Amino acid sequence: MTASKQPSAAGGPAPRAAQSAAPRPPAAVGAAAASRLADEELYERSIGEPEDYWSERAAAALSWDTPWERVVDCDFAAGSASPSYAGWFAGGKLNAAYNCIDRHVAGGLGERRSLVFAAADGGIEEFTYADLLAATTRFANVLKSRGVVAGDRVILYLPMIPELPIAMLACARLGAVHAVVFAGFSSQALGARIDAWGARVVVTSEAGWRGGPAPGLKGEVDRALAAGSSVETVVVVARRADGDEDHARLVAGRDLWWHEAVAAAGMAAPCACEPLAATAPLFILSTSGSAGAPKGVVHAVGGYLLYAAETFRHVFAPGEGDVHFCAADIGWITGHTYLVYGPLAVGATTLLYEGAPGRPQPDRLADLIVSQGVTSLYTTPAVVHAFTAAGRGWAAAHPMPGVKIVATVGDPLSSEAWDWCRSQFGAGCPVLDTWWQTETGGILLTPWRSETGEPLAGSRPYFGVAPLVLRNDGRPADVLERGNLCLAQPWPGMMTGIWCDADNVARFRASYFARFPGLYYTGDQAYIDEDGRFHIEGSSDDDVWVLGERLSSVEVERALLSDAKVVETAVVGCPDPVKGEGICCYVVLRDDVEPSDALREKLAQHVGEVIGPFAVPDRVHFVAALPRTRSGKMIRRILRKIAEGDPTDLGDTTMLADPSIVTDLVHETRPQTTQAEARR
Ligand code: AMP
């Protein structure tokens, strides 16, 4: 794609039907062609008869206490103020914990491994489905004994330890709404969420582990609650950081130790799974905050669980004895859907790793993948880049042949990273670049399993998903023309609202349905190629305006990554007295490459050659790491602020996997003769 001019504001009615996203007839032959044809037919049907399609899937994939009366009550095209929404499977009742645990045990899979926990110190702890049932029952009884009932909010401020999924499923068992708050957040960020969501209970730990010990979690909770709150109970997991001599102090009447509470008399008694309305909230989760103030996105029991199970099964195709590893933190939606709910809903084995991916070095992750027999991996391009940065020698010493499927999310996957995955993991291992959002609950765009994907080949919509790309005036973009990615039909994993106050519905509509009435607006830019495949060009907020031309930062990043010396990069706009906005590139080089001014200039020229002279970057900063959350999401707003020369007000940086890298970024962004100035 080349940069497009700002689309004209020419009129024309907004389309109401999905652009033809249906793929063209397959070129492949034999079994592959047959399976591709089957996918195409299924896709057509899922779009043409969505109620029948999802009804069949819901009946096949989940166990229901009460059948639903209506498949979907969500009409995007209900008028300009759209949509009327209640969600999926209204009238139906089910329980997510029952579907993720009890029914597998009842079906004879009690001895199958559900959760494998890899602790930061190298220890491994395994839970069968029967173990998970016992553990969640005990903790559900603890919550019940503290007065928790269906609808109450429970904040889970925990590191990546088994107590986190156990607490999630215990809440789900009772119908309490869990809200996982990433354990890297400060007391201030935690307090804001506790207040906004009116939590009754907080579950925390003495300490966490994020690439190194993160002591004082309990202290953050105490500070967050100091000014008074709705919280009546704090449950604390006894897990100290190395070197911490003393246990955290408990507040009498409010706090209890997890281990004492679950061991108390009566806690092993059966605890029935509450049959919940399919449209009832299962959890609240903030969007990653990459765009500023967090929103409490709400996902409902029935639609979310179905979509998690279905997309997990389609993308990762779990088989007997397989082990799935999602390297994302459960504090983000990827961990919710593809570490916890998706795998457990289908009875798979899921690996939970306590440390941060790639830390202290990529060996840890590679060793884990091999030693635990991981067969499917869900990660981010950033993690793959950390692998590639370690060099060819490292790669030769760390083959991971047991991995049969790799998928990534969060950023576009470069063709170099794709090639690397193909050579490093199992023979013929599909490498799938998936796209979705916190709001969508699960994967919306992915190469189909009937096609293994080629580097940068783009993705198909998952079944029942109707994406389209529009110009700013609402008319469909042409083939290869970049535009706004929208969704024309509801899908079960869709959020059901934003948790806040009486303005919930209004805020929901304004955020997602006002820009293109009758359609869900994703906020991302994309184009469709000649084969009907979708290519994501990043968020609209990430565009850089250069002399009136709109340039996607992803496009510049892709050009930089095509130089083998570059491991990772992020591109943002920066003030430029001549052009209005200039192009500022943050570049992480391979370990064995020396940064130099000559290389800076060479990379800048390379971008100009790939995209066009107007796109030659103004600044190239070599840095050791980029500001990413632990789930690998880039926080560009921090880079933008630094590039603007305003590092004093970076906002909350506690969501970063390593907040200390900010100092390096600020230092490296010190005034330099810009590439453009040097050439002038
Ligand atoms: P979040 O909801 O915070 O997890 O972030 C979702 C956003 O991440 C999307 O709206 C995209 O901007 C970005 N994103 C996710 N997956 C991809 C991908 N495969 N390629 C490019 N951007 C992606």
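**Exercise 1. The largest cavity**

Task: In this predicted model, find which residues lie nearest the centre of the largest cavity, and describe its lining.

Solution.
Step 1. Count the lining of the largest cavity: 15 residues take part, and Asp-411, Pro-412, Glu-557, Leu-561 and Thr-569 lie nearest the centre.
Step 2. Assign the lining to elements. Two or more residues come from each of α16 (553-561) and β31. The largest contribution is that of α16, which gives four residues.
Step 3. Sort the lining of the largest cavity by residue type: six residues are nonpolar, three are polar and six are charged.
Step 4. Add the volume, which is about 150 Å³ for the largest cavity. The whole structure holds five cavities of 30 Å³ or more.

**Exercise 2. The second largest cavity**

Task: State how much space lies in the second largest cavity, which residues line it, and how they divide into nonpolar, polar and charged.

Solution.
Step 1. The second largest cavity holds about 60 Å³ of space.
Step 2. Read the lining along the chain: Gly-87 and Trp-88, then Ala-278 and Thr-279, then His-299, Ala-300, Gly-303 and Tyr-304, and lastly Pro-492, Gly-493, Met-494 and Thr-496.
Step 3. Match these residues to elements. At least two lining residues are supplied by each of β3 (84-90), β16 (296-300) and α9 (301-316).
Step 4. By type, the lining of the second largest cavity has six nonpolar residues, six polar residues and no charged ones.

**Exercise 3. Thr-440**

Task: Decide whether Thr-440 is buried or exposed, and list what it is in contact with beyond four places in sequence.

Solution.
Step 1. Place the residue: Thr-440 sits in the loop between β21 and β22.
Step 2. Check its cover. Thr-440 has a relative accessibility of 0%, so it counts as buried, the cut-off being under 20%.
Step 3. List the contacts. With neighbours within four places left out, Thr-440 touches His-299, Tyr-307, Trp-491, Gly-493, Met-494 and Tyr-520. His-299, Gly-493 and Met-494 also appear in the lining of the second largest cavity.
Step 4. Take one pair further. Thr-440 and Trp-491 are 51 residues apart in sequence, while their C-alpha atoms are 8.2 Å apart in space.

**Exercise 4. Thr-434**

Task: Locate Thr-434 and find which side chain is joined to that of Thr-434 by a polar contact.

Solution.
Step 1. Thr-434 belongs to the loop between β21 (431-433) and β22 (445-446).
Step 2. The relative accessible area of Thr-434 is 2%, so this residue is buried.
Step 3. The side chain of Thr-434 makes a polar contact of 2.6 Å with the side chain of Tyr-378.
Step 4. Tyr-378 is one of several contacts of Thr-434 beyond four places in sequence; the others are Ala-407, Thr-408, Val-409, Ile-443, Leu-445 and Thr-446.

**Exercise 5. Helix α12 and its cover**

Task: Work out how many residues of helix α12 are buried and what covers them.

Solution.
Step 1. Helix α12 spans residues 381-389, and eight of the nine are buried.
Step 2. Name the buried ones: Pro-381, Ala-382, Val-383, Val-384, His-385, Phe-387, Thr-388 and Ala-389.
Step 3. Find the cover. It includes the helices α11 (362-371), α13 (392-397) and α14 (415-424), together with the strands β19 (376-379), β20 (405-408) and β31 (566-576). β31 also gives residues to the lining of the largest cavity.
Step 4. Look just past the helix: Gly-391 has a positive phi of about 95°.

**Exercise 6. Two partly exposed helix residues**

Task: For Ala-32 and Gly-219, give the helix and the relative accessibility.

Solution.
Step 1. Ala-32 lies in helix α1 (residues 30-48). Its relative accessible area is 38%, so Ala-32 is partly exposed.
Step 2. Ala-32 and Glu-451 are separated by 419 residues in sequence but by 7.8 Å between C-alpha atoms.
Step 3. Gly-219 lies in helix α7 (residues 217-225) and is partly exposed at 23% relative accessibility.
Step 4. Gly-219 and Thr-204 are 15 residues apart along the chain, with 10.0 Å between their C-alpha atoms.

**Exercise 7. The whole chain**

Task: Give the number of helices and strands and the share of buried residues.

Solution.
Step 1. The chain has 20 helices and 33 strands.
Step 2. Of its 680 residues, 61% are buried.
Step 3. The chain exposes about 24,400 Å², of which carbon and sulfur atoms supply 52%.
Step 4. Taking contacts between residues at least 6 apart in sequence, 71% join residues at least 24 apart.

How values were computed:
Residues numbered from 1 in each chain as written. Predicted model: local features only at pLDDT ≥ 70, side-chain atom pairs only at ≥ 80, totals over all residues. Heavy atoms only, no water. Buried < 20%, exposed > 50% of the residue type's maximum accessible area, 1.4 Å probe, protein only. Polar contact = N/O pair within 3.5 Å; in protein donor to acceptor, adjacent residues only side chain to side chain. Contact = heavy atoms within 4.5 Å. 1 Å grid on protein atoms, 1.4 Å probe; cavity = no way out; pocket = protein on both sides within 12 Å on 5 of 7 lines; lining within 4 Å. Points joined across faces, edges and corners; volume = space filled by probe spheres on them. Nonpolar A, V, L, I, M, F, W, Y, C, P; charged D, E, K, R; others polar. Areas by Shrake-Rupley, 256 points an atom, 1.4 Å probe, with all protein chains shown as cover.
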